[in-house]
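Visitor: I'd like to learn how to read a structure like this one, feature by feature. Can you walk me through it?

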Amino acid sequence: MKKHAAVDLGADSGRVIVGTVSQIEEVHRFSNGPVRIGNSIFWNFFGLFEEIKKGLAKAFATYGSEIVSIGIDTWGVDFGLLDEAGDLISNPYHYRDDRTDGVPEEVFSIIPLDELYEETGIQIMQLNTIFQLYAFKKAKPGLLDQARTLLTVPSLLNYWLTGEKVNEFSHVTTTQLYNPRVGDWSERILDALGFDATMFTPIVPSGTRLGGLLPHVAAEIGAPQGVEVIAGGSHDTASAV
């Protein structure tokens, strides 16, 4: 029976599992958590990617060509920014970083709270992507000017696996930058807050086939030809449902 590899990242730990619809096996588990540098809190993102590859290498060493696909889910709201060359220009911040203190009130002075909820339909929380990105714009405008692509955390990992720059639907809905009525990024919010709309990639449905692994990734983890990366329900709550 064909098997599938899943990378499941939570706020405290991550794991790589292999399974079918009816049976799964955990092949690798690793810790995850915030890293404090100065007054800021980040994710150890490069370390996470190394652990993911380590787990996938264990999976392919055990099951080989039985594994036909890979999918990733993570916590919500956090993101990475890429420059014109496709390189990460700032390590992703942890959603508990205090740089968003007072930011919601600033945003509400531009877009009133009730109108923001009407536009997006999700719970308004200080950690949402909208407030994180606005805080980044205030603190590091020069870096944001260099950004050409915003990818949510699981979509950034998918990009490093495949080279595809797209954002998956379920995770996008956690950003408070998405309008469910039009089914796309909210032009009203992007314009009002001065975010460059060209940074926001196409949104793909859950279950989209992103394609094969980049050759150097496939070689590193020992994956055979034909393995596909799938943008499943990449928000962990969506995957749980």
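Visitor: Let's start at the end of a helix. Which residue follows α6, and what is the sign of its phi?

Guide: This is a predicted model, so keep that in mind throughout. Right after α6 comes G163, and its phi is positive, near 85 degrees.

Visitor: And the helix itself: how many residues of α6 are buried?

Guide: Here "buried" means under 20% relative accessible area. By that cut-off 10 of the 10 residues of α6 are buried, so the helix is largely enclosed by the rest of the structure. Walking along it, you meet V153, P154, S155, L156 and L157, then N158, Y159, W160, L161 and T162.

Visitor: Let's move on to sheets. What holds strands together in general?

Guide: Strands of a sheet pair through backbone hydrogen bonds, in either the parallel or the antiparallel sense. In this model, one open sheet has 6 strands, in the order β3-β2-β1-β6-β15-β14, and its pairing is mixed.

Visitor: Why is one side of β3 and of β14 left without a neighbour in that sheet?

Guide: β3 (24–31) and β14 are the edge strands, each with a single partner strand, so one side of each has no neighbour in the sheet. As for twist, neighbouring strands here are turned by 20 degrees against each other on average, direction ignored.

Visitor: How do β2 and β3 run, parallel or antiparallel?

Guide: Strand β2 (residues 13–19) runs antiparallel to β3, and 7 bridges join the two. To find your place on screen, look for V18, whose bridge partner in β3 is E25.

Visitor: Which helices pack on this sheet?

Guide: Helix α1 (residues 45–63) is one of them, touching β1 (3–9), β2, β3 and β6. The direction of α1 makes about 155 degrees with that of β3. Then there's our enclosed friend α6 (residues 153–162), which touches β1, β6, β14 and β15. The direction of α6 makes about 30 degrees with that of β14.

Visitor: You called the pairing mixed. Where can I see a parallel pair?

Guide: Go to β6 (residues 67–73) and β15 (residues 228–231), which pair in the parallel sense over 3 bridges. S69 is a handy marker there, with E228 of β15 as its bridge partner. Now look at β15 and β14 (residues 208–212): these run antiparallel, with 4 bridges between them. In that pair, T208 stands opposite A231 of β15.

Visitor: What is the strand order in the sheet of 3 strands?

Guide: That open sheet has the order β8-β7-β9, with antiparallel pairing. Its edges are β8 (88–90) and β9, each with a single partner strand, so one side of each lacks a neighbour in the sheet. Neighbouring strands of this sheet are turned by 45 degrees against each other on average, direction ignored. Between β7 (residues 79–82) and β9 there are 4 antiparallel bridges. You can check the register with two pairs: F79 stands opposite T152, and G80 has L151 as its bridge partner. Helix α4 packs on this sheet and touches β7, β8 and β9, its direction making about 40 degrees with that of β7.

Visitor: Are the two faces of β9 covered or open?

Guide: Both are covered. T149 and L151 on one side of β9 (residues 149–152), and L150 and T152 on the other, are all buried.

Visitor: How do people describe two packed helices?

Guide: They give the angle between the axes and the distance between the axes. Try α2 (residues 103–110) and α4 (residues 129–139): the axes come within 9 Å and cross at roughly 95 degrees. The two helices are therefore roughly perpendicular to each other. On the α2 side the contact is made by V103, P104, E106, V107, F108 and I110, and on the α4 side by I130, F131, Y134, A135 and K138.

Visitor: Now zoom out. How many helices and strands does the chain have?

Guide: The protein chain has 10 helices and 15 strands. Its radius of gyration is 18 Å, close to the 18 Å that the globule rule gives for 241 residues, so the chain is as compact as a globular protein of that length. The C-alpha trace spans about 55 × 40 × 30 Å along its principal axes. Buried residues make up 53% of the 241. About 11100 Å² is exposed, with carbon and sulfur atoms supplying 51% of that.

Conventions. Residues are numbered from 1 along each chain as its sequence is written. This is a predicted model: local features need pLDDT of at least 70, side-chain atom pairs count only at pLDDT 80 or more; totals for chains, interfaces and linings use all residues. Side-chain values use heavy atoms; hydrogens and water are left out. Two strands pair if DSSP finds at least two bridges between them. Axes are lines fitted to C-alpha atoms, for helices over the stretch in contact, and angles run from 0 to 180 degrees between N-to-C directions. Contact means heavy atoms within 4.5 Å. The radius of gyration is taken over C-alpha atoms; the globule rule is 2.2 Å times the number of residues to the power 0.38. Buried means under 20% relative accessible area, exposed over 50%, partly exposed in between (1.4 Å probe, protein chains only). Accessible areas come from the Shrake-Rupley method with a 1.4 Å probe; for residues, only the protein chains shown count as cover. Angles under 35 degrees count as roughly parallel, over 145 as roughly antiparallel, 65 to 115 as roughly perpendicular and the rest as oblique.
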